[in-house]
Amino acid sequence: MSGDGRPLRISVFGAGSIGCYVGGRLAAAGAQVTLIGRERVGAEIREHGLRLTDLHGADIRVGASDIAFATGPESAATADLVVVAVKSAGTPEAGATLASAIGSDTVVVSAQNGLGNADTLRAALPEKIVLAAMVPFNVVHRGDGHFHQGSEGDLEIEQHPAVRAFAPVFGDAGLPLHARDDFRSVQWAKLLLNLNNAVNALSGLPLREELSQRSFRRAVALAQREALTLLTARGIAVAKLTPLPPQWIPRLLTVPDGVFRVAGSRMLAIDPHARSSMWDDLEAGRRTEVDWISGEIVRLAASSGTAAPVNARLVELIREAEAGGNRHWSGDALLADLRSQRAPGKPTGKRQRN
């Protein structure tokens, strides 16, 4: 509820899988929600409404008449809260659009991958409260208005007094918000986990099947170790989002499959159908967010005067896949390719056996 007792007015700018799932859950909890996105998504929702399921058995229906859909930003003018869920490449345009659309008291939340999207929105909306949030789970669009949460996790958001106004409806929706003072470290932790996105997309496999294979996990560990080396050298803190500290995760990923099935059972608490958003983008013929995930590590290395060859190679392979290249790597082939890259900061190549 808003301060005057009426339902909270929420606009979700970017009605993709995450936007429709989060917006639908909020609508089911009593918020007045408008999804803003492409007409094809609106037509699907008008015909089928929304069905929102998760790996724990939740099955929530939102009728077409209970959630509004728009293709333009006009509805955001009266919103108490705008949740931005567009792909990272669309953030500058989203900021420019919202600058002329939203009211002076509207709070904006960036629920996007990557590190700098909230800053981009702040630059476009200098008079507004703009907060970064982190969505830890995967959502699969299964057609006919059905969006499925395929992995676990709670939403994290920057600590700010404005959060108190809308946190209750998120809690009622089964999407509790955890406000954090150390939000940049949370973003780095999520990015480290998201380094699996490129590997998953190149495997062509569901997440659980990919992570059940040691060679794919070793490929992810190479990317994570490279990133952690750079972060440590720069003194950048990384939050603990899983039962294990982030520095221990690469080691866990490299253990034999039988050991991982036991020790990594929490990491395999994933629906069998769950895929990474990067795989979903490749499947739909869209440009991926690899520049805002693996590419962030490449940029961090460049700013440190060194290199991140494993993550740079993953960016290259995803770009090739976007252009029609291989999207069905075996784990052994991908691991061998990544191992052949030069070690970060070293002038000659030395194979890493992780």
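Start with the salt bridges: a search of the whole structure, which is a predicted model, finds 21 of them. Side chains of opposite charge can pair when their charged atoms come close. The stops below visit some of these pairs, then the boundary between the domains.

**Stop 1: Glu 39 and Arg 46**

Select Glu 39 and Arg 46. They form a salt bridge, with 2.2 Å between the closest N and O atoms. Glu 39 has a relative accessible area of 42% and is partly exposed. Arg 46 is also partly exposed, at 46%.

**Stop 2: Arg 313 and its partners**

Select Arg 313, then add Glu 320 and Asp 337. The side chain of Arg 313 meets that of Glu 320 in a salt bridge, 4.0 Å from N to O. Arg 313 also has a salt bridge to Asp 337, here at 2.7 Å from N to O. Colour helix H14 (residues 309-322), which holds Arg 313, and helix H15 (residues 331-339), which holds Asp 337; the pair therefore ties together parts that are 24 residues apart in sequence.

Which of these residues are buried? Arg 313 and Asp 337 both are. For Arg 313 the relative accessible area is 15%, and it counts as buried because the cut-off is under 20%. Glu 320, at 37% relative accessibility, is partly exposed.

**Stop 3: the two domains**

Colour residues 9-180 as domain 1 and 184-341 as domain 2, following the domain assignment. Their centres, taken over C-alpha atoms, are 26 Å apart. Domain 1 brings 24 residues to the contact and domain 2 brings 26.

The size of an interface is often given as the accessible area lost when the parts come together. Here the area buried between the domains is about 2,100 Å², and carbon and sulfur atoms give 52% of that. On the domain 1 side, select Lys 87, Asn 113 and Leu 115: these lose the most area to domain 2, together 32% of what that side buries.

**Stop 4: across the boundary**

How many salt bridges cross the interface of domain 1 and domain 2? The rule finds two. Keep Lys 87 selected and add Asp 281; their side chains meet in a salt bridge at 3.2 Å, N to O. Now add Asp 280 and Arg 286, which are linked with Lys 87 and Asp 281 in a network of salt bridges.

Between the domains, eleven residue pairs are in polar contact. Finish with strand S8 (129-134) and strand S9 (139-143), the elements that give two or more residues to the side of domain 1 touching domain 2. By class, that side has eight nonpolar, nine polar and seven charged residues.

Methods: Residues numbered from 1 in each chain as written. Predicted model: local features only at pLDDT ≥ 70, side-chain atom pairs only at ≥ 80, totals over all residues. Heavy atoms only, no water. Buried < 20%, exposed > 50% of the residue type's maximum accessible area, 1.4 Å probe, protein only. Helix = DSSP H or I, 4+ residues; strand = E, 2+ residues; numbered from the N terminus. Domains from an automatic or database assignment. Contact = heavy atoms within 4.5 Å. Buried area = accessible area lost by both parts, 1.4 Å probe. Polar contact = N/O pair within 3.5 Å; in protein donor to acceptor, adjacent residues only side chain to side chain. Nonpolar A, V, L, I, M, F, W, Y, C, P; charged D, E, K, R; others polar.
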